[in-house]
Amino acid sequence: MGNLVQKRTCSISFMILVVIFMALFTLPQKGIFAEESDEKKSSSAKSSDTNMFDGKASDTKKPDKQKSGEHNDKAVQDNDKKSSSIEMLASIIELKKSLEKRISEKKKTLENSSSDNEKENIAQDLGRLDKQLEDANFDFESIATGVDMGLFAQKKIEEFNWQNEVLSLVEPGIKELKRLTLKARQKTKIKEEIGYYTNLVPVADQAIENINLLISTTPDKEIKKYLKGLIPEWTGMKDQLDNKLKIAQMQLAQMESEETSLVESSQTGIKNFFKTRGLYLFMALLACFAVIVFLRVFYITLIKIIPDYKSEYRPFYIRVIDLFFKISALMCTIFALIFVFYSAEDWVLLSLTIIFLMGLGWAVKHSIPILWQQSRLMLNVGSAREGERIVYNGVPWIVKSINVFCRLENPWLDMSIRLPIEDLMGQMSRPVKKGEPWFPCKKNDWVILSDGIIGKVTSLSHEMVEIIQHGGARKVYQTQDFLSLSPLNLSTNFRISVMFGIGYSHQKDVTSSVPETLHAYITEQMEKEKLSSNLQSLKVEFSQAGASSLDLVILADFDGKMAPQYSRLNRAIQRWCVDACTANNWDIPFPQLTVHKG
């Protein structure tokens, strides 16, 4: 669960960072250096004008033909725009006159009307006409001025709202992010308006045509009178639709003429970025780096001053200082970042930083219990503690250090592993007892597994165990599988237990002289083969009265040095028992003999 939350946190933080850097590279750059560049441009323009009038500028004497051609094309385009704008302004004036005439007629009709329902309908028509007249005035001013008149609308006075005040801190960044798609959204909206008006104009034409058709075909003068009264209204509506369509088409043409290529816009954006916000970002990163270096030097000095800081297992107060220092370092770095943006008065970068921090805080809010558990582990007051023993993936380990990355050691494996603190959560540790084993065997030990394999351990880790058998065959086990086979270690000391039976004809001596004789014979043979030096003890005892034989048990304890000869010793003891029976005329029961031959 903790890993899932952290993955989601990382993904959300990555998405926020991508959006922020897209905004930084593509949005208009505003700042001190941008203003300086504008001032330089204006001053250079003035100087060029002065040189042109003085006749001192060498470039003005030989103008480039390509540039003059571009200026001529631009002048032609400007003249076309001006002429089309004048035509539209004249059309809007005619529409306004028509609307004012219709409003005057409606007002006269309202004064002469005696029916309440008729007055209500006329009042509604007047309201609609007033709205159309207001829109016509708005369009006239927009075309005449060439700017969006909505920018000059009077803002409403809003009451204080703490939620709105909090949102106002991130408002600049959100607005800048919205401006990423502003032109595209405006262009799409204008295209939708063009399609809407294009579909309505034929409908209005059809309506006027239908009214004229009825006027020409009906003989009733009263009906003609009312039908003729509809003509001005529908004609005005058609004119208004035509004007709206022309305005939208003009706006679309203007936007398309102002558009630049992707390469040019990217180059301009990158240049402006490195002049303003790029510089502020560099200063912010430099400030963060300086804070980190200063805190690191302070941390190293603190380690030298406090004596218990370098101890193998640090006390609790040292851990508190260490954790507090790490949290303080993070907060100081964030403060340095915000302080640089605040000092540069770049509210966009400051707002984007606040948005990123708020998004990061929102993403990790579900990780607070996990962070609390990790803090307890780092303070060494959690379920797993330094200097204690834990079992991780079936292998015992001693916890050497707990930090963001923890270090576990196994003395018998002669290795250590680095473990994220998340994997240590939920683990239980206990104090280490003196002399307890850390693994069933060590490297170069001989073992017997429950699957019958006998061999020497040549490679050992928490992942794999390799065993070499007699003859050189190698077998590799995963450590978990190796442990599940309950390995028996022969390299310390081991015992060979051999069961051997003789016939019932020796029942009288089987509990007295036979064990003694067999013991002496086996001891003699071991001395002959120079095996007695590693023999720790040898016992021959009566075991049981079987169905067809009297069974003896031979118990031979050997030193671990004889572990490679475990199988040979087992066979040798069987051989010596048979030789002893032959030498002492002890009969071996037939079933026992048959089993050995098989």
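Reader: Why is glutamate 409 called partly exposed?

Author: This is a predicted model, and in it glutamate 409 has 25% relative accessibility. Buried means under 20% and exposed means over 50%, so 25% falls in between and glutamate 409 counts as partly exposed.

Reader: What makes the contact of glutamate 409 with arginine 407 a salt bridge?

Author: The N to O distance between their side chains is 2.3 Å. The rule asks for a side-chain nitrogen of Lys or Arg within 4 Å of a carboxyl oxygen of Asp or Glu, so this pair qualifies. Arginine 407, at 35% relative accessibility, is partly exposed as well. By this rule the count comes to 13 salt bridges.

Reader: How do you know that glutamate 466 and arginine 474 meet in a salt bridge?

Author: Here the N to O distance is 3.6 Å, and the cut-off is within 4 Å, so the pair counts. Glutamate 466 has 21% relative accessibility and is therefore partly exposed, whereas arginine 474 has 52% and counts as exposed, because exposed begins over 50%. Elsewhere, Asp125, Arg128 and Glu233 are joined into one network by salt bridges that share partners.

Reader: What does the salt bridge of lysine 238 and aspartate 205 tie together?

Author: The closest N and O atoms of lysine 238 and aspartate 205 are 3.5 Å apart. Lysine 238 belongs to helix α8 (residues 221-258) and aspartate 205 to helix α7 (residues 182-217), so the pair links parts that are 33 residues apart in sequence. Aspartate 205 is partly exposed, because its relative accessibility is 32%.

Reader: What makes β1 and β4 edge strands?

Author: Each of them pairs on one side only. β1 covers 389-392 and β4 covers 415-420. The open sheet has four strands in the order β1-β2-β3-β4, with antiparallel pairing, and its twist averages 45° from one strand to the next.

Reader: How do you know that strand β2 and strand β3 pair?

Author: Pairing needs at least two bridges, and strand β2 (residues 395-401) has three bridges with strand β3 (residues 405-410), so they pair, in the antiparallel sense. Valine 399, for instance, has leucine 408 in β3 as its bridge partner.

Reader: Why is strand β12 called mostly covered?

Author: Nine of the 10 residues of β12 (residues 550-559) are buried, and buried means under 20% relative accessible area. Strand β10 (residues 493-502) is joined to β12 by 10 bridges and runs antiparallel to it; isoleucine 502 has leucine 550 in β12 as its bridge partner. Strand β11 (residues 535-545) pairs with β12 over nine bridges, also in the antiparallel sense, with phenylalanine 542 opposite leucine 552. A hairpin of four residues joins β11 to β12.

Reader: How do you know that the span of α10 is close to the expected one?

Author: Helix α10 has 29 residues, and from its first C-alpha to its last it reaches 42 Å, close to the 42 Å expected at 1.5 Å a residue. Buried residues in α10 include Tyr280, Leu281 and Leu295.

Reader: Why can methionine 283 be part of a nonpolar surface patch?

Author: Methionine 283 lies in helix α10 (residues 277-305) and is partly exposed at 41% relative accessibility. Patch residues need over 30% relative accessible area and no salt bridge, so 41% meets the cut-off for area. The patch, of about 590 Å², is made by Phe282, Met283, Leu286, Phe289, Val293 and Val297.

Definitions and conventions: Residues numbered from 1 in each chain as written. Predicted model: local features only at pLDDT ≥ 70, side-chain atom pairs only at ≥ 80, totals over all residues. Heavy atoms only, no water. Helix = DSSP H or I, 4+ residues; strand = E, 2+ residues; numbered from the N terminus. Axes fitted to C-alpha atoms, helices over the stretch in contact; angles between N-to-C directions. Patch = residues over 30% accessible without salt bridge, like charges linked within 9 Å, V, L, I, M, F, W, Y side chains within 5 Å. Areas by Shrake-Rupley, 256 points an atom, 1.4 Å probe, with all protein chains shown as cover. Buried < 20%, exposed > 50% of the residue type's maximum accessible area, 1.4 Å probe, protein only. Expected span 1.5 Å × (residues − 1).
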